[in-house]
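Here is a short report on one protein model. Please keep the structure open while reading.

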Amino acid sequence: MDIRCRKLKCKYNDHFTCKAKGITVKENIICSRFEPDETKQQIDTSKDLFERIPKYSPQRDSKTLEINCEANCLLNHDGKCVANGITVNDYRAKPYCLTFIKK
C-alpha cells in the first residue's frame, strides 16, 4: 500500500511518502501518527504539478506497513484499511485522510 502525505512538516514524511511503520486513521479521519517537525524544510511542490514534476520517494511494500482505521469508511475492514493506497492531505493543522469514503 502506498501512503502519500502532504503533511510536509511531519517527522515521518519523506518527499510525500510516509515512512512510519504504521498509521491509524481515527474516527474523525485524521492520521494519529502525525508528529510535527518544524526543522523540515520541504516545499510543497505538488501544488505546481503541471509546472514541474514533484520529487516523490518510492512507495513502500504493503507488507511492511500497518494501516489501522477507526473511521466509518467503506475501506475499513475489521479495523484495517483495505484501500490500494491512501493520501493524507495537509488541510490547515490537521492531517486528513483523503481516501475516506463514507459508508
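Which side chain joins that of Glu 66 in a polar contact of 3.2 Å? The partner is Asn 68, through its own side chain. The model is a predicted one, and every value here is computed from it.

**Asn 68 and its surroundings**

Asn 68 sits in strand 5. Is Asn 68 buried or exposed? Its relative accessibility is 18%. The cut-off for buried is under 20%, so Asn 68 counts as buried. Its side chain makes a polar contact with the side chain of Lys 80, at 2.7 Å. The side chain of Glu 66 is joined to Asn 68 by a polar contact too, at 3.2 Å.

Set aside the neighbours of Asn 68 within four places in sequence. Asn 68 is then in contact with Ile 23, Thr 24, Val 25, Gly 79 and Lys 80. Lys 80 therefore appears both in this list and as a side-chain polar partner of Asn 68.

**Two cavities**

How many cavities of 30 Å³ or more does the count give? The count comes to two. In general, rolling a probe the size of a water molecule over the atoms shows where empty space is left.

The largest cavity holds about 100 Å³ of space. Its lining is made up of 13 residues, and those closest to its centre are Cys 5, Cys 10, Tyr 12, Cys 18 and Cys 31.

The second largest cavity holds about 70 Å³. Asn 68 is one of its lining residues. Cysteines line it as well: Cys 69, Cys 73, Cys 81 and Cys 97. The lining also takes in Val 25, Ile 67, Leu 75, Ile 86, Thr 99 and Phe 100. Which strand gives the most to this lining? Strand 5, residues 66-69, does so with three residues. Val 25 lines this cavity and is also in contact with Asn 68.

The table sets out the two linings by class.

| Cavity | Nonpolar residues | Polar residues | Charged residues |
|---|---|---|---|
| Largest cavity | ten residues | one residue | two residues |
| Second largest cavity | nine residues | two residues | no residues |

**Two loop residues with positive phi**

His 15 has a phi near 50 degrees, a positive value in a residue other than glycine. It lies in the loop between strand 2 (13-14) and strand 3 (17-18). How accessible is His 15? Its relative accessibility is 25%, so it counts as partly exposed.

Asp 78 is not a glycine either, and its phi is positive at about 55 degrees. Its place is in the loop between strand 6 (76-77) and strand 7 (80-81). Is Asp 78 buried or exposed? Asp 78 reaches 71% relative accessibility. The cut-off for exposed is over 50%, so Asp 78 counts as exposed.

**The protein as a whole**

What elements does the protein have? There are nine strands and zero helices. From the N terminus on, the order is β-β-β-β-β-β-β-β-β.

The protein has 103 residues, and 42% of them count as buried. Asn 68 counts as buried. The exposed area of the protein is about 6700 Å², with 51% of it supplied by carbon and sulfur atoms. Now take the contacts in the protein with a separation of 6 or more. Residues 24 or more positions apart account for 68% of them.

Notes
Residues are numbered from 1 along each chain as its sequence is written. This is a predicted model: local features need pLDDT of at least 70, side-chain atom pairs count only at pLDDT 80 or more; totals for chains, interfaces and linings use all residues. Side-chain values use heavy atoms; hydrogens and water are left out. On a 1 Å grid over the protein atoms alone, a cavity is a set of points where a 1.4 Å probe fits but cannot get out, and a pocket is an open set with protein on both sides within 12 Å along at least five of seven lines; lining residues have an atom within 4 Å of a point. Grid points are joined across faces, edges and corners, and a volume is the space filled by probe spheres set on the points. Ala, Val, Leu, Ile, Met, Phe, Trp, Tyr, Cys and Pro count as nonpolar, Asp, Glu, Lys and Arg as charged, and the others, Gly among them, as polar. Helices (H or I, at least four residues) and strands (E, at least two) are DSSP runs, numbered from the N terminus. Buried means under 20% relative accessible area, exposed over 50%, partly exposed in between (1.4 Å probe, protein chains only). Contact means heavy atoms within 4.5 Å. Accessible areas come from the Shrake-Rupley method with a 1.4 Å probe; for residues, only the protein chains shown count as cover. A polar contact is a pair of N or O atoms within 3.5 Å; within protein, one must be able to donate a hydrogen and the other to accept it, and residues adjacent in sequence count only if both atoms are side-chain atoms.
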